[in-house]
Amino acid sequence: MIPAAFDYEVAESTDHAVSLLGEREEAKLLAGGHSLIPAMRLRVSRPSCVIDIGRLSDLSYVQEEGDTIAIGALTRHADVAGDALLREHCPIVSHTASQVGDPQVRHRGTIGGSLAYGDPASDLPSVVLALGGTLVARGPAGDRPIPATEFFTGVFETALAPDEMLVEIRVPKLGSGVGWSYVKMSRRAQDWATVAVAAVVERSNGALARASIGLTNMGGTPLRAHAAERAIADGAPIEDASALMAEGTEPPSDHAASREFREHLARVLGRRALQEAATR
């Protein structure tokens, strides 16, 4: 299909992009384009103006900031996947970035675009949610940190205001007693996840003491598997906690899978993710 007519602007800086967002109604930011362009072709998204921010090199970085790793929103998935700092201190992020799409997508798509679009089937949102990360928005009033738990508000909807753009993602460094895993199932290679589970666990005396679990494509937003997390905290074995993975979720039923099948996948993949995280 052909997208609706739109104006095109090239942002010369981050502040310029924010200014354009404030001046133009129904404007959208274009970074890698792997989320926005397909939506425009289907006319699911019909922006009056597309603001190209793909040339803003100052938002492409990975750096240490105390106990956190800061990632610029325009950092390409391929750069996130290969970054030495992330591999050492928060490898679940680099590992998951390596699972996004195919090499062409990873060398063009950005971590910020994946998060800002709010697609519940994307890989990285559930990982940032499980990590308890923070997303930094920049608007006319300056920078505004938004906890990942408050960022995703609906299907393709986030807490970003119309005149704000995502500029940075902050994730914690994982200590030596922390295990992690990201397990997903797709109908075809390089496809969106039918269901995926991100698990970050803390071990104590050979057992799981705490788990933070993010679910991909199990509702209108990425979700936390709170029932399974509580079961782990109460000392339940992985098998029992995994049986609770789908509690409180509302997975879609579509051409890819039924709601019942997605609930089954959440339990199966949740068990695998917890088992892998417990030994990693």
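This passage walks through a small parallel sheet, the helix that packs on it, and a run of antiparallel strands in a predicted model. Residues are numbered from 1 along each chain as its sequence is written. Because the model is predicted, local features need pLDDT of at least 70 and side-chain atom pairs count only at pLDDT 80 or more, while totals for chains, interfaces and linings use all residues; side-chain values use heavy atoms, with hydrogens and water left out.

To start with the sheet: it is open, has 3 strands, and runs in the order β1-β3-β2 with parallel pairing. Strands here are DSSP runs of E with at least two residues, helices are runs of H or I with at least four, and both are numbered from the N terminus. Two strands count as paired if DSSP finds at least two bridges between them. At the edges stand β1 (7-10) and β2 (27-30), each with a single partner strand, so one side of each has no neighbour in the sheet. From one strand to the next, the twist averages 25°. Angles like this run from 0 to 180 degrees between N-to-C directions, with axes fitted as lines to C-alpha atoms (for helices, over the stretch in contact). Between β2 and β3 (residues 49-52) there are 4 bridges in the parallel sense, and A27 sits opposite C49 in β3.

Helix α1 (residues 14-23) packs on this sheet and touches β1, β2 and β3, where contact means heavy atoms within 4.5 Å. The direction of α1 makes about 175° with that of β3. Within α1, the residues T14, A17, V18, L20 and L21 are buried, that is, under 20% relative accessible area (exposed is over 50%, partly exposed in between, using a 1.4 Å probe and protein chains only). Looking down the axis of α1, these buried residues fall within an arc of 160°, so they line one face of the helix; the arc is taken from the directions from the helix axis to the C-beta atoms. On the other side of α1, D15, G22 and E23 are exposed. The cover over the buried residues of α1 includes β1, β2 and β3, along with β6 (134-139) and β10 (165-172).

Further along the chain comes β12 (residues 195-204), a mostly covered strand with 7 of its 10 residues buried. Strand β11 (residues 178-185) runs antiparallel to β12 and is joined to it by 8 bridges, with S181 opposite A199 in β12. β12 also pairs with β13 (residues 207-216), in the antiparallel sense over 9 bridges. There, S204 stands opposite A207 in β13. The hairpin of β12 and β13 has 2 residues between the strands, and N205 takes a positive phi near 55°.
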